[in-house]
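Biologist: Before I plan anything at the bench, could you take me through this model one question at a time?

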Amino acid sequence: MRKPVPARQQTGRVGQLLFVAQQAAQALAIERLEPLGLSPRAWGVLSTLAESGPLTQIELATTMSIDRTAMVYLIDELEAQTLAERVRSPQDRRAFLIHLTPGGRRAQRKAATALAGAADTLLTPLDAAERRHLVDLLAKVAAHWQQVSASQQNPGASQTRPTAPSSKER
């Protein structure tokens, strides 16, 4: 058993605080998903598809901020478990839409139930209003970075970050 860490002033570094919270959330998710044969990333795919309906691999990777190559392996894994399937897109024969299978829908619902208490555990120190506010703020940040990620994958899209001045501008 770990010794309690003495209380001290908390850091104000956003990255460090998000990292600590993410580590706690990841540990809670793994604890609840592992018995179901799912990883947190696999759960993310299942829940994203349950919420949005079929998406292409690229849309799914962008939505979840996961590298495209990693997404291919993740979908391969879900197909092997018969939780998702690739279906050729009727709009673009080169693209595949990722669909949940009936087993994938069942697994998503089971996982959602298993994870229901994880958020409560993670957010124990916050009251209901603080939880809603935190979710709203995180959703805003996530939406921004999904948009940035999507624009970086589309050549010619406007940049959202300033570029370094050219040697002529210095």
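Biologist: In which element is the place of Gln 108?

Modeller: Please keep in mind throughout that this is a predicted model. Within the model, the place of Gln 108 is in helix 5.

Biologist: Does Gln 108 count as buried or exposed, and why?

Modeller: The call rests on relative accessibility, where buried means under 20%. Because Gln 108 has a relative accessibility of 14%, this residue counts as buried.

Biologist: Which residues is Gln 108 in contact with, leaving aside its neighbours within four places in sequence?

Modeller: Here contact means heavy atoms within 4.5 Å. With the neighbours within four places in sequence set aside, the contacts of Gln 108 are Trp 43, Leu 46, Ser 47 and Ala 50.

Biologist: Which element gives the most to the largest nonpolar core?

Modeller: The largest nonpolar core has 26 residues, and those with the most contacts inside it are Val 45, Leu 60 and Met 71. Two or more residues come from each of helix 1 (14-33), helix 2 (40-52), helix 3 (57-64), helix 4 (68-80), strand 3 (96-100) and helix 5 (102-122). With five residues, the element that gives the most to this core is helix 2.

Biologist: Which residues does Met 71 touch, not counting those up to four places away in sequence?

Modeller: Met 71 is named among the residues with the most contacts inside the largest nonpolar core. Not counting residues up to four places away in sequence, Met 71 touches Val 45, Gln 57, Leu 60, Ala 61, Met 64 and Ile 66.

Biologist: Which residue stands opposite Val 87?

Modeller: Strand 2 (residues 84-88) pairs with strand 3 in the antiparallel sense over five bridges, while strand 1 (residues 55-56) pairs with strand 3, also in the antiparallel sense, over two bridges. On the strand 1 side, Thr 56 stands opposite Leu 97 in strand 3. For Val 87, the residue that stands opposite in strand 3 is Leu 97.

Biologist: Turning to the surface, how does Leu 18 count, and why?

Modeller: Leu 18 is found in helix 1, and together with Val 14 and Leu 138 it makes a nonpolar surface patch of about 280 Å². Because its relative accessibility is 47%, Leu 18 counts as partly exposed.

Biologist: Finally, what pattern does the protein chain follow along the sequence?

Modeller: The protein chain has 170 residues, of which 25% count as buried. There are six helices and three strands in the chain. Read along the sequence, they follow the pattern α-α-β-α-α-β-β-α-α.

How values were computed: Residues numbered from 1 in each chain as written. Predicted model: local features only at pLDDT ≥ 70, side-chain atom pairs only at ≥ 80, totals over all residues. Heavy atoms only, no water. Core = buried A, V, L, I, M, F, W, Y, C linked by side-chain atoms within 4.5 Å. Buried < 20%, exposed > 50% of the residue type's maximum accessible area, 1.4 Å probe, protein only. Helix = DSSP H or I, 4+ residues; strand = E, 2+ residues; numbered from the N terminus. Patch = residues over 30% accessible without salt bridge, like charges linked within 9 Å, V, L, I, M, F, W, Y side chains within 5 Å. Areas by Shrake-Rupley, 256 points an atom, 1.4 Å probe, with all protein chains shown as cover. Salt bridge = Lys/Arg side-chain N within 4 Å of Asp/Glu carboxyl O. Pairing = 2+ DSSP bridges.
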